[in-house]
Every structure is written in structure tokens, then in C-alpha cells.
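Me: I'm new to reading protein structures. Could you walk me through one, feature by feature?

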Amino acid sequence: MIIQEELPMLSQPIFNDLHLEEMIYINALFDAVNKQDLPAITEHLLTLLEHSKTHFNQEEKLMQKHNFEGYYEHKAEHDRQLHELEHIIQYFGQRQDPQAIAAYIEGNLKAWTLHHIKTMDTALSTFLQNHN
């Protein structure tokens with residue numbers, strides 16, 4: 001689903017580590033969807049949610065610590081993405097529809113993740129590099 005070469009490498013190694021982990025979780029979720037493994041889909045969705053919360057929290061703490069000007073906009077994107085993920089988890093819990101998860105990954109999650117890294121995370125990483 002997402003290959004490592006698609007992920008931009010940023011100047012802050014912590015971001016690269018978090019993004020590689022996220023790629024692994026998204027790919028595992030996509031694999032479970034392709035196998036129609038409903039319990040694994042649920043497990044991977046919950047793992048992705050917990051990882052995303054931790055990931056976003058780490059970024060937000062760095063932004064606050066260094067008074068990053070784009071904090072509120074960046075955090076709003078994190079909050080929006082977490083809300084969408086929580087909604088799709090709830091939907092899947094009710095419908096058990098792997099195709100809905102496939103559509104979410106292909107239609108939203110992959111594109112959002114790559115775009116967010118290339119724009120907001122790159123700006124944050126550059127800011128932190130210049131302020132160290």
C-alpha cells in the first residue's frame with residue numbers, strides 16, 4: 001500500500017521513525033483487509049489509532065516546546081484525522097465491512113498521510129532543524 005520510498009525523509013530522525021512505523025501499521029491493516037480477516041482488521045485499526053495518538057502527541061509537544069507558529073493548524077489536522085479514524089472504527093464495528101476500510105485507506109488515509117508529511121511535517125522538521 002505505502003512503500004518506504006514514498007515517505008519523504010525529514011531532518012528530524014524521530015519523525016522518520018514515527019512515519020515508518022505508521023507505514024507498517026497501515027500496510028498491515030491493508031493486508032488484513034485484503035484477507036477479509038475481520039478480527040485482524042479490528043486489531044490493526046485500534047493499533048493504528050493508538051499509534052497515531054502517540055505520534056501526534058509527540059509532534060504537538062515539540063511544537064509547543066519550541067513555540068512553533070503553525071501549531072494550531074497542524075494540531076487541527078491531527079485532530080481531524082483522529083476523528084475520521086475513530087469514526088471509521090465505529091463504522092467497522094457496526095458493519096464489519098472490509099471494503100469500507102479499503103476505501104478509507106485508498107481514498108483518504110494514504111493520501112492524507114503522504115500529504116501531511118510532505119507539507120506540515122516537513123515544515124515542522126525544518127523549523128526544528130533551524131532552531132537547534
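Reply: Sure, let's go from the overall fold down to single residues. One thing to keep in mind: this is a predicted model.

Me: Okay, where do I start? How many helices and strands does the protein chain have?

Reply: Start with the secondary structure. Here you'll find four helices and zero strands. Going along from the N terminus, the order is simply α-α-α-α.

Me: And how do I judge whether the chain is a compact globule, given its radius of gyration?

Reply: You set the radius of gyration against what a compact globule of that length would have. For 132 residues that's near 14 Å, and this chain comes out at 15 Å, so the two agree. For the outline, picture the C-alpha atoms in a box of roughly 45 × 30 × 20 Å along the principal axes.

Me: What share of the residues is buried?

Reply: Here the cut-off helps: a residue is buried when its relative accessible area is under 20%. In this protein chain, 42% of the 132 residues fall in that group. As for the surface, about 7,200 Å² is exposed, with carbon and sulfur atoms supplying 52% of it.

Me: How do I read the contacts along the sequence?

Reply: Look at how far apart in sequence the touching residues are. Of the contacts between residues at least 6 apart, 72% join residues at least 24 apart.

Me: Can you show me a case? Which type of aromatic pair do Phe56 and Trp112 form?

Reply: For aromatic pairs, you check the distance between ring centres and the angle between the planes; over 60 degrees counts as edge-to-face. The chain has three aromatic pairs by this rule. Phe56 and Trp112 make an edge-to-face one, with 6.0 Å centre to centre and 70 degrees between the planes. This pair links distant parts of the chain, since Phe56 sits in helix α2 (residues 38-65) and Trp112 in helix α4 (residues 98-130), 56 residues apart.

Me: Why do Phe56 and Trp112 count as buried?

Reply: Because the relative accessible area of Phe56 is just 3%, and that of Trp112 is 9%, with the limit being under 20%.

Me: What about Asn27, which residues does it touch?

Reply: Leaving out residues up to four places away in sequence, Asn27 touches Met1 and Ile2. Asn27 belongs to helix α1 (residues 13-34). Although Asn27 and Met1 are 26 residues apart in sequence, their C-alpha atoms are 5.7 Å apart in space. Asn27 counts as partly exposed because its relative accessibility is 22%.

Me: Last one: how far apart are the mean positions of the positive and negative charges?

Reply: You average the positions of each kind and compare. For the 9 positive and 20 negative charges here, the two means are 2 Å apart.

Key. Residues numbered from 1 in each chain as written. Predicted model: local features only at pLDDT ≥ 70, side-chain atom pairs only at ≥ 80, totals over all residues. Heavy atoms only, no water. Helix = DSSP H or I, 4+ residues; strand = E, 2+ residues; numbered from the N terminus. Rg over C-alpha atoms; globule rule 2.2 N^0.38 Å. Buried < 20%, exposed > 50% of the residue type's maximum accessible area, 1.4 Å probe, protein only. Contact = heavy atoms within 4.5 Å. Areas by Shrake-Rupley, 256 points an atom, 1.4 Å probe, with all protein chains shown as cover. Lys, Arg positive; Asp, Glu negative; His and termini not counted. Charge placed at Lys NZ, Arg CZ, Asp CG, Glu CD. Phe/Tyr/Trp six-rings, centres within 6.5 Å; stacked < 30°, edge-to-face > 60°.
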